[in-house]
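Subject: Structure for your files

Hello,

Please find the structure below, with the sequence alongside. My notes on what turned up in it follow.

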Amino acid sequence: MEYVFTLHWPITFEVPVVSVVLGAVVGLSYALLAVGLILIYRSTRVINLAHGEMGALAAAVVAVLVNERGWAYWTAALVALVVAGFLGALVELVIIRRLFRAPRLIVLVATMGVAQLFLFGTYFLNDTIDNRLAGFPSPFDTRLTLGSLVLQPGELTLLVTVPLIAAALAAFFRFTGFGVAVRAAAENADSARLVGIPTRRISTFVWVTAGVLSAGTALMLAPGRGLTVTESLGPDLLMRALAAAVLARLTSLPRAVAAGLAIGVIEKVVAWNYAVGEVELVLFVVVMAALLVQHRGAVRDTEASAWQLSTLVRPLPRAVQQLPAVRAISWVGLGVALAVAVAVPFGLSNSQIFLLTSVVAFAIAGLSVTVLTGYSGQISLGQVAFFGIGAAVSYQLTVELYVPFWMALLLSGVAGAAVAVLVGIPALRIRGLFLAVSTLAFALVTQKWLLGQTWMAGPGVIAPRPYWGRLDFASQHAYYNLALAGLLVAVLVCRNTLRSGVGRNLMAVRDNEAQAAAFTVPVVRTKLTAFAISGFLAAFGGAIYGHGVETFQVASFPVSDSLRVVSMTIIGGLASIPGTVIGAFVVVGIDRLVEVQYLKLLSTSVGLLVLLLYLPGGIGQLLYAGRDRIVAVLTRRAGIEVSADADAPAVPVRAEP
Amino acid sequence: MPAGGDAPCALEVRDLDFSYGRLQVLFGVSVDVADGEIVALLGTNGAGKSTLLRAVCGLDLPDRGTVRCFGEDVTRLPAEARVDRGIVQVPGGRSTFPSLTVLENLRTGGYRYRRDRARLDAAVEEVFGHFPVLAERRDQAAGTLSGGEQQMVALGRAFIADPRLLLIDELSLGLAPVIVEQLLGIVRAFAARGTTLVLVEQSVNVALSVATTAYFMERGQVRFGGPAADLLDRPDLLRSVFLEGAEQSLSATPG
């Protein structure tokens with residue numbers, strides 16, 4: 001049954017039945033993941049970036065038990081489901097509950113750390129399997145053949161179970177007292193507690209359910225995808241599940257199933273007609289359109305406020321601020337840091353200096369997040385896209401158009417700013433986690449389609465390093481110094497943005513949009529300005545990175561790097577410039593220095609989680625504590641009386657609810 | 001266990017200190033409410049009234065001091081456990097679950113006895129008896145109701161929770177007098193059932209129309225506690241509820 005419906009106008013487009021069926025099957029897996037994402041979003045108000053990884057770990061457990069220990073499939077599957085539920089509970093008890101009052105961005109980054117930790121576990125388990133030829137175990141051997149299409153047992157199970165699971169969950173939330181209580185707790189935790197609903201136990205329950213659902217999805221997907229199910233549960237799959245969840249407005253489970261089906265079918269049919277990259281493009285357009293047509297009511301104000309991040313930096317009293325010695329602190333700090341940065345490469349090998357160059361380039365990308373998220377309160381999980389665009393544009397300008405290097409750096413920054421504004425326009429209507437979804441989609445489309453075009457990076461390019469007569473930046477060391485100068489420029493841009501009227505507008509809109517508008521702050525222009533500055537910085541850093549590496553191609557800018565850029569900013573302390581630079585050093589440094597993939601994941605994830613739980617202000621918090629000590633000494637010497645107010649906590653106190 | 005006098009104490013707050021972070025909001029607050037009494041808790045904005053309710057209900061825990069209800073020390077109990085002991089609060093502002101229907105909102109009030117369908121249905125019908133408009137809108141999302149109707153839902157939900165001690169935060173805030181009068185109907189029904197009531201109010205008229213005892217708070221401290229009628233003899237305190245801001249701005253303006 002090789003039926004193909006062909007559309008001849010306006011373009012020739014084929015719709016084969018086989019693709020539709022296959023699309024429906026993969027679409028159901030997206031739907032099931034989307035259901036889990038919606039559950040978590042409803043109870044915790046966060047997108048669980050570790051959702052796929054919970055299931056992948058459970059799938060690895062099944063593979064080990066069946067292939068290595070010879071367990072029966074069903075026993076192993078049951079154990080895996082229990083393990084996944086336990087993992088969900090563990091995440092909720094150890095991390096989510098402790099971050100109950102934290103801004104949702106922090107929780108989002110925490111789930112990112114959890115994802116890496118689970119990935120470590122999965123790699124670890126997969127590596128203990130010797131008998132790799134047997135493939136992923138499967139519950140039965142029935143296969144369904146439709147022409148050239150063979151449906152695997154897992155896929156058949158998906159067809160049957162997903163609609164049932166979604167219907168059962170929807171009924172549970174609609175008709176049972178406990179289910180209604182779960183929804184109530186998600187909407188207004190205080191009110192729920194005041195009628196005796198145990199909100200904490202409910203949160204744990206939801207995470208357990210999500211873990212089990214994720215494990216179920218992975219077990220059904222795995223037989224068709226082989227042992228290394230982990231790689232296939234990465235950003236691509238997450239993005240599709242997220243798209244389905246967003247189309248369902250992160251609430252309706254039946255709509256999530258329908259949306260998942262639609263996405264799956266679109267994906268397979270487009271892939272039949274065009275290349276893989278075009279699939280991402282189409283999906284990006286679908287997600288953006290869906291986000292834009294959603295009316296504003298979909299995102300409630302309560303959520304917007306959960307995104308507010310007040311600066312942790314305590315302002316100094318005016319009299320103290322004006323002391324010459326105090327004013328010198330940041331300049332002295334900058335000078336010392338610069339001197340160290342210039343001195344360090346002497347005595348290092350070329351590859352070590354290259355590592356430092358990447359740290360510097362990523363630090364610039366980190367600063368772009370500092371401006372966008374720290375100053376402006378808008379989240380982006382797609383910064384690496386601007387980074388890659390900057391690298392590709394600068395290459396095209398210097399090599400194809402013979403534009404001078406300086407000019408190319410600047411122009412690629414401008415290109416990044418322009419693209420960022422385009423991506424940011426939807427941000428005027430959507431915010432918070434929805435913005436995270438759209439920027440993540442943009443990062444995917446950039447990696448899979450945009451950068452692959454021959455007029456961007458194509459299959460891989462070599463961007464030359466500049467020279468002017470005797471001033472030659474071809475050596476690693478010389479180029480490092482150039483990159484360092486670029487970082488200095490970026491730091492000054494950030495600092496001046498913060499101190500200018502633009503910076504005050506950014507923070508005013510971040511803290512209270514309506515109030516800012518009432519005081520004639522142009523909200524639209526301010527938000528787009530944040531995107532422009534941020535896009536400029538990221539692309540500028542990307543251009544520096546592009547000329548620094550030997551060659552770069554599409555794979556040089558994986559979407560997961562966007563998450564790492566955000567995590568370095570969080571580690572450094574959001575809205576702290578020196579903290580961000582140190583954060584870049586920690587994240588990129590660990591990544592390149594630790595050779596073994598396992599330990600890399602283990603160290604970054606555990607480090608990130610410990611930091612979030614015990615030092616929520618990041619490294620910046622330590623830096624400013626140090627600054628305050630020095631300032632205190634200087635103040636006492638100058639004989640300035642400091643009022644009790646100056647002793648107020650650096651962490652903002654919550655106003656009366 | 002009776003505390004102090006002969007009447008058993010529904011609520012006994014002793015020397016409560018409370019802080020949000022390093023910002024202290026309550027300073028040695030003591031309040032006594034006898035069983036079956038209706039008490040008004042008055043005060044200016046930011047006096048700490050809502051904070052006191054949060055501490056009594058267990059949404060936040062105090063730094064020092066004790067909260068005893070019906071003779072039992074509940075100072076450290078979580079909010080859910082206090083509901084089991086009959087302590088329920090109607091929080092201020094819009095406290096409904098906006099995407100849940102009116103009926104679902106009301107049923108959450110009976111969460112503790114959710115398996116007892118008959119009792120739950122009877123309680124819901126009783127609320128519909130007080131607020132017929134809610135019966136008409138039972139399948140409508142609560143977020144789409146008017147402010148007054150949402151307050152009815154919140155009060156109805158608390159009614160179904162069947163409290164022994166009910167604390168109502170800002171019953172009348174922003175509502176038309178006609179609506180307030182309707183809401184007071186169910187408040188009197190609570191009283192008739194023998195429920196002890198604490199009403200936090202900015203409207204002295206509303207509070208004193210039902211309360212027999214009054215407390216007056218200012219800047220985190222209790223400034224007055226006694227029979228409601230006595231408070232009416234203290235124009236200095238009452239004026240501050242309404243006029244403090246105006247007086248300050250008058251004295252600040254030259255001429």
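How many residues of chain B are in contact with chain A, and with how many residues of chain A? The model is predicted, so please read everything below in that light. On the chain B side the count is 31 residues, and these meet 21 residues of chain A. Five elements of chain B each put at least two residues into that side: strand E2 (23-34), helix H1 (49-57), helix H2 (79-84), strand E6 (87-90) and helix H3 (102-108). H2(B) gives the most, with four residues. Sorted by class, the side of chain B that touches chain A holds 14 nonpolar, nine polar and eight charged residues.

Chain A overall

Chain A has 657 residues, of which 51% count as buried. Its secondary structure amounts to 27 helices and six strands. Among contacts in chain A with a separation of 6 or more, 79% join residues that are 24 or more positions apart.

The domain assignment splits chain A into domain 1 (23-273) and domain 2 (318-637). Taken over C-alpha atoms, the centres of these two domains of chain A are 33 Å apart. Where they meet, 23 residues of domain 1 of chain A are in contact with 28 residues of domain 2 of chain A. On the domain 1 side, helix H4 (104-127) and helix H10 (235-247) of chain A each supply at least two residues. H4(A) has the largest share of that side, 14 residues. By class, the domain 1 side comprises 18 nonpolar, two polar and three charged residues.

Two helix pairs in chain A

The first pair to look at is helix H18 (residues 405-424) and helix H23 (residues 523-548) of chain A, whose axes come within 6 Å and cross at roughly 140°. That angle makes H18(A) oblique to H23(A), since only angles over 145 degrees count as roughly antiparallel. The crossing of H18(A) and H23(A) is right-handed. Their contact is made up of 18 nonpolar, six polar and one charged residues.

The other pair is helix H16 (residues 350-375) and helix H24 (residues 560-572) of chain A, with axes 9 Å apart and a packing angle of about 75°. H16(A) and H24(A) are therefore roughly perpendicular to each other. From H16(A), the residues involved are Phe362(A), Ala365(A), Gly366(A), Val369(A), Thr370(A) and Thr373(A), and they meet Val565(A), Val566(A), Met568(A), Thr569(A) and Gly572(A) in H24(A). This contact has six nonpolar, five polar and no charged residues.

Single residues

Which residue in the loop between helix H22 (513-518) and H23 of chain A should you look at? Thr520(A) lies there, and Thr520(A) has a positive phi of about 65° although it is not a glycine. Thr520(A) counts as exposed because it has 7 C-beta neighbours inside 10 Å.

In chain B, Glu170(B) also has a positive phi, of about 55°, and is not a glycine. Glu170(B) sits in the loop between strand E7 (165-169) and helix H7 (177-192) of chain B. Is Glu170(B) buried or exposed? Glu170(B) counts as buried, because 21 C-beta neighbours lie inside 10 Å.

Pro317(A) belongs to the loop between helix H13 (301-306) and helix H14 (318-321) of chain A. With 15 C-beta neighbours inside 10 Å, Pro317(A) counts as partly exposed. Pro317(A) and Leu482(A) are 165 residues apart along the chain, and 38 Å separate their C-alpha atoms.

Last, Leu120(B) is in helix H4 (residues 117-130) of chain B. Leu120(B) counts as partly exposed, because its C-beta neighbours inside 10 Å number 19, and a residue needs 20 or more to count as buried. Leaving aside residues up to four places away in sequence, Leu120(B) touches Arg107(B), Gly110(B), Tyr113(B) and Arg114(B). The C-alpha atoms of Leu120(B) and Gly109(B) are 8.9 Å apart, with the two positions 11 residues apart along the chain counted as their separation.

Regards

Definitions and conventions:
Residues are numbered from 1 along each chain as its sequence is written. Chains are lettered from A and ligands numbered from 1 in the order in which they are written. This is a predicted model: local features need pLDDT of at least 70, side-chain atom pairs count only at pLDDT 80 or more; totals for chains, interfaces and linings use all residues. Axes are lines fitted to C-alpha atoms, for helices over the stretch in contact, and angles run from 0 to 180 degrees between N-to-C directions. Angles under 35 degrees count as roughly parallel, over 145 as roughly antiparallel, 65 to 115 as roughly perpendicular and the rest as oblique. A crossing is left-handed if the near helix is turned anticlockwise from the far one by less than a right angle, and right-handed if clockwise. Ala, Val, Leu, Ile, Met, Phe, Trp, Tyr, Cys and Pro count as nonpolar, Asp, Glu, Lys and Arg as charged, and the others, Gly among them, as polar. Two residues are in contact if their C-beta atoms, placed from the backbone, lie within 7 Å. Domain bounds come from an automatic or database domain assignment. A residue is buried if 20 or more other C-beta atoms lie within 10 Å of its own, exposed if 12 or fewer, and partly exposed in between; C-beta atoms are placed from the backbone.
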